[in-house]
Amino acid sequence: MIDLRSDTFTKPTAAMLAAMAKAEVGDDVYGEDPTVRALEARIAELLGFEAALFTSSGTMANQLAVAVHTRPGDTVLCEQDSHLYLFEAGAGPALSGVGFDLLPRSVLLADAAIEAAVKPDNLHSAPTTMLAVENTHNVGAGRVLPVGEMRRIAAKAKSLGLAVHCDGARLWNAAVALRTTEKELLGGFDSAAVCFSKGLGAPVGSALAGTRAKVERARKLRKRWGGGTRQAGYLAAAALHAVEHHRARLAEDHENAAMLARRLRSLSAAGSPLEVQYPEPGTNMVYFRLRHGAVDAHLAALKGDGVRLGGMGGGWIRAVAHLDVSKQQFERVADVVANYLERVVQ
């Protein structure tokens, strides 16, 4: 079975397991795990911030950012299909007491739309105090925001008195697709979250980066939320290995996804019931949907042919390339999916 539901379905490589086994560890709650400290310093350096904090998940990293940039009763501005809003179990209102003001993904880049959505801090309104941007954008089929757009959004947020955060779970993919650095993409941002257990293939972990003061506040909240860990260096070692050895190879995932997108687009001529999303520049995700038939039935049929894909709502099916699927395996996926769609589309 070839599983492309997500890039979270990877297993540690032999080299990663070896790095974990030989990791030097201590008690991280006491601040004494040297491998965690090394990872946090490396992430701060890569992203261009003063400090970073190792967290168990991307949701925790994002929600710590919300907590340190807002007060209860504030609102956070983000896209309507952001991970921060859709896929984090209502954590913003539950943990930080914030609401969300939502923008359609198509207008987030417009300065006027951002400005129009910001609520003032007066007697009657819940003031907008934070803007969150997702890069790459999951529900946007891996959409990438380039450096210029990121900096323009950050500048507009700052001009309106907002803190600006990047949900960069797959920022590594954005940097590779744009042939730039993560630090360049984050110029002007107040904080960023990055994930090690998605495209980079670590078994667990994310990080929040920001100013030293905000990160220390987040460290206290992480403890309060039950996120303090002891000998976390074994997990941090996997993340360090992933950061140092798996970032450049993301280009292979992008090539595999692009190949699948080309195959699918060759079937989606004018009038075809097949739609394909693969934004430019492309990353490791391909979205497609058929305008007839049930998604669950399509997924079950493909699973029967040895390929597991994910349903993303709205009829969309997602294929995500990752390091556990070789080029040859991806070519088989393309054959299986294309053959199935040819049968269904006719």
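The legends below describe close-up views of a predicted model.

Residues are numbered from 1 along each chain as its sequence is written, and side-chain values rest on heavy atoms, with hydrogens and water left out. Because the model is predicted, local features need pLDDT of at least 70 and side-chain atom pairs count only at pLDDT 80 or more, while totals for chains, interfaces and linings use all residues.

**Figure 1. The largest cavity and its lining residues**. A search of the whole structure finds two cavities of 30 Å³ or more, a cavity being a set of points, on a 1 Å grid over the protein atoms alone, where a 1.4 Å probe fits but cannot get out. The largest cavity holds about 50 Å³ of space, where a volume is the space filled by probe spheres set on the grid points, which are joined across faces, edges and corners. Its lining consists of His-83, Glu-134, Thr-136, Asn-138, Asp-167, Ala-169, Arg-170 and Lys-198, lining residues being those with an atom within 4 Å of a point. By class, one of these residues is nonpolar, three are polar and four are charged; Ala, Val, Leu, Ile, Met, Phe, Trp, Tyr, Cys and Pro count as nonpolar, Asp, Glu, Lys and Arg as charged, and the others, Gly among them, as polar.

**Figure 2. The second largest cavity**. About 30 Å³ of space lies in the second largest cavity, and its lining is made up of Ser-82, His-83, Leu-84, Ala-132, Val-133, Glu-134 and Asp-167. The elements that give two or more residues to this lining are α4 (83-86) and β5 (128-134), with helices (H or I, at least four residues) and strands (E, at least two) taken as DSSP runs and numbered from the N terminus. Strand β5 gives the most, with three residues. The lining of the second largest cavity has three nonpolar, two polar and two charged residues.

**Figure 3. Surroundings of Thr-136**. Thr-136, which is one of the residues lining the largest cavity, is found in the loop between β5 and α7. Thr-136 is buried, with a relative accessible area of 4%; buried means under 20% relative accessible area, exposed over 50%, and partly exposed in between, with a 1.4 Å probe and protein chains only. Not counting residues up to four places away in sequence, Thr-136 touches Gly-142, Arg-143, Val-144, Arg-170, Leu-171, Asn-173, Ala-174 and Thr-283, where contact means heavy atoms within 4.5 Å.

**Figure 4. The nonpolar cores and the contacts of Phe-189**. Within the 51 residues of the largest nonpolar core, Ile-43, Leu-47, Leu-131, Trp-172, Leu-186, Phe-189 and Phe-196 touch the most other members; such a core is a set of buried Ala, Val, Leu, Ile, Met, Phe, Trp, Tyr and Cys residues joined through side-chain atoms within 4.5 Å. Leaving aside its neighbours within four places in sequence, Phe-189 is in contact with Phe-49, Val-133, Met-150, Ala-154, Val-164, His-165 and Cys-166. A second, separate core of 31 residues includes Leu-309, Val-336, Tyr-340 and Leu-341.

**Figure 5. Salt bridges within helix α2**. The structure holds 26 salt bridges, each being a side-chain nitrogen of Lys or Arg within 4 Å of a carboxyl oxygen of Asp or Glu. Arg-37 pairs with Glu-40, the closest N and O atoms being 2.8 Å apart, and these two residues, three apart in helix α2 (residues 34-47), are separated by about one helical turn. Arg-37 is partly exposed, with a relative accessible area of 24%, whereas Glu-40 is buried, at 6%. In the same helix, Arg-42 and Glu-45 also lie three residues apart, about one turn, and their side chains meet in a salt bridge (2.9 Å, N to O). Arg-42 is partly exposed, with a relative accessible area of 21%. Asp-28, Arg-37, Glu-40, Glu-216, Arg-219 and Arg-222 are linked in a network of salt bridges.

**Figure 6. A salt bridge between helices α6 and α7**. Glu-115 forms a salt bridge with Lys-156, with the closest N and O atoms 3.3 Å apart. This pair links distant parts of the chain, as Glu-115 lies in helix α6 (residues 111-117) and Lys-156 in helix α7 (residues 147-159), 41 residues apart. Glu-115 counts as partly exposed at 44% relative accessibility, while Lys-156 counts as buried at 15%.

Terms used. On a 1 Å grid over the protein atoms alone, a cavity is a set of points where a 1.4 Å probe fits but cannot get out, and a pocket is an open set with protein on both sides within 12 Å along at least five of seven lines; lining residues have an atom within 4 Å of a point.
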